[in-house]
Amino acid sequence: MTVRKVALLTAGGFAPCLSSAVGGLIERYTELAPEVEIIAYKHGYQGLLAGDHLAVTPQIRANAGLLHRFGGSPIGNSRVKLTNVEDLIKRGLVTEGENPLKVAADRLTADGVDVLHTIGGDDTNTTAADLAAFLAEHDYALTVVGLPKTIDNDVIPIKQSLGAWTAAEQGAEFARNIIGEHNSGSRMLIVHEVMGRHCGWLTAATAQAYRRWLDTQSWLPEIGLSREAWDVHAVYVPEAAFDLEAEAARLRHIMDTVGNVTIFLSEGAGLDTIVGQLEASGADVPRDPFGHVRLDDVNPGAWFAKQFAEKLGAEKVMVQKSGYYSRAAAANTEDLRLIKSMTDYAVDCALRGESGVIGHDEEAGDRLSAIDFTRIKGGKAFDLTTPWFGELLDGIGQPAAAATGH
């Protein structure tokens, strides 16, 4: 296959890998095939439908390494689902009667693109799968190569998504200052809400990273500087069954003896209960173009804080969300290594005409490969039997987690 022109796009929510992944792809093409023209669609599939792109110039190629130092996405993101025709019409991205997949395919053809690189999570890559299937069915000559980005680390069957390690590290850093508030009032309840709609991996990994930091510190309880007060006292994830009364009794004892309680909460923990309450009351439950509940509007952290505050006798309550602090960070060293291995492999696949989502395939011995788009799914559950998670719960005195059965 002769590759003359490639296009890049980033889509969905931010993760601490997008900027670096864009830089890595540009660097690898410049190294292996400098004659290949590169363009980037602005704001993901929105830019693809609108034909809004920028050219990767020689100056950009020469300085692509700068992108590894930054978070966010230099080319912009959006949440656009190519099969949600009604939403696309409403947003003016297609007109009545148009097939968005054909509009996208025709745009790629008109722009002379041979390879499309999509960098995103499960929604981005399932949308890429829809597009790839349409292209194949209608004989468009195009290779589509995806990279898995999500701080939730919940893409099936990919072992580790780009940016998740950094997001956990950044969430732990955020927690240091938030938990430092525990003495800003007596009987303080702190709820640290972490992103994770369906998967608790990020919440658990953030708590683990925070407690590793605690292990490096020295304490002076005689003056009130105690590890117990700075510790995490509960970790709640969507996959685990939740007994409000039992947990309230356990945490009430901590509040009475330590003087404060800190909870690390996945934003999706208890979401079914919250949505059920809203719908039963006749309230409208806001959703995004992919049908997901808009968590910022539902506010699970506030719901949990309200449930616990009275039961714990809290005199002051604080809910803080680390998601936006974490997800736009620059990639850490561990993620940078993973990003380079995946972007290098993505370009190699593209140059030989192999489509798929790049990742270590958990169903094939964790081998790095281009995984067929039809096998990519979102919502991978966090494994509650993971040894380090059991050790985390044991360390904070929380009973072992039982699965919800969902």
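# A tour from the sheet to helices H10 and H16

Start with the open sheet: its seven strands are ordered S3-S2-S1-S4-S5-S10-S11, with mixed pairing. Strand S3 (53-55) and strand S11 (367-371) are the edges; each has a single partner strand, so one side of each is left without a neighbour in the sheet. Look along the sheet and you may notice the twist: on average, neighbouring strands are turned by 25 degrees against each other, direction ignored. Keep in mind as you explore that this is a predicted model.

**Stop 1: a pair of strands.** Select residues 5-10 and 37-41. These are strands S1 and S2, which run parallel and are joined by four bridges. For one pairing, pick valine 6, whose bridge partner in S2 is isoleucine 38.

**Stop 2: helices lying across the sheet.** Now add residues 18-32, which form helix H1. H1 lies across S1, S2, strand S4 (115-120) and strand S5 (143-148), and it runs at about 155 degrees to S4. Next, show residues 333-351 to bring up helix H15. H15 lies across S4, S5, strand S10 (356-361) and S11, at about 135 degrees to S10.

**Stop 3: helix H10.** Select residues 244-258. The 15 residues of H10 reach 20 Å from the first C-alpha to the last, close to the 21 Å expected at 1.5 Å a residue. Which residues of H10 are buried? Colour Leu244, Glu247, Ala248, Arg250, Leu251, Ile254 and Met255 to see them. They cover an arc of only 165 degrees around the axis, which puts them on the same side of H10. Turn to the face pointing away from that buried side, and you will find the exposed residues Ala249, His253 and Thr257.

What do the buried residues of H10 pack against? Their partners are strand S6 (188-194), strand S7 (234-236), strand S8 (260-266), helix H13 (300-312) and helix H16 (387-396).

Check both ends of this helix, too. At the N-terminal end, aspartate 243 acts as a cap, with a side-chain oxygen 3.3 Å from the backbone nitrogen of glutamate 245. After H10 comes glycine 259, with a positive phi near 105 degrees.

**Stop 4: arginine 187.** Select this residue in the loop between helix H7 (164-179) and S6. Is arginine 187 buried or exposed? Its relative accessibility is 19%, so it counts as buried, the cut-off being under 20%. Show side chains here, and you can see that of arginine 187 making a polar contact with the side chain of aspartate 256 (2.9 Å). Arginine 187 also touches other residues, among them Arg252, Met255, Gly259 and Leu312.

**Stop 5: helix H16.** Move to residues 387-396, one of the partners of H10. Phe389, Leu392, Leu393 and Ile396 are buried in H16. They cover an arc of only 90 degrees around the axis, which places them on the same side of H16. On the other side, look for the exposed residues Pro387, Glu391 and Asp394. The cover over the buried residues of H16 includes H8, S7 and H10. Just after the helix, glycine 397 has a positive phi of about 80 degrees.

**Last stop: glutamine 208.** Finish in helix H8 (residues 201-215), where glutamine 208 is found. Glutamine 208 is partly exposed, with a relative accessible area of 24%. Zoom in to see glutamine 208 touching Trp388 and Leu392. Then draw a distance to threonine 118: the two C-alpha atoms are separated by 31 Å, and the residues are 90 apart along the chain.

Note on methods
Residues are numbered from 1 along each chain as its sequence is written. This is a predicted model: local features need pLDDT of at least 70, side-chain atom pairs count only at pLDDT 80 or more; totals for chains, interfaces and linings use all residues. Side-chain values use heavy atoms; hydrogens and water are left out. Two strands pair if DSSP finds at least two bridges between them. Helices (H or I, at least four residues) and strands (E, at least two) are DSSP runs, numbered from the N terminus. Axes are lines fitted to C-alpha atoms, for helices over the stretch in contact, and angles run from 0 to 180 degrees between N-to-C directions. Contact means heavy atoms within 4.5 Å. The expected span of a helix is 1.5 Å times one less than its number of residues. Buried means under 20% relative accessible area, exposed over 50%, partly exposed in between (1.4 Å probe, protein chains only). The arc is that of the directions from the helix axis to the C-beta atoms. A polar contact is a pair of N or O atoms within 3.5 Å; within protein, one must be able to donate a hydrogen and the other to accept it, and residues adjacent in sequence count only if both atoms are side-chain atoms. Lists of a residue's contacts leave out its neighbours within four places in sequence.
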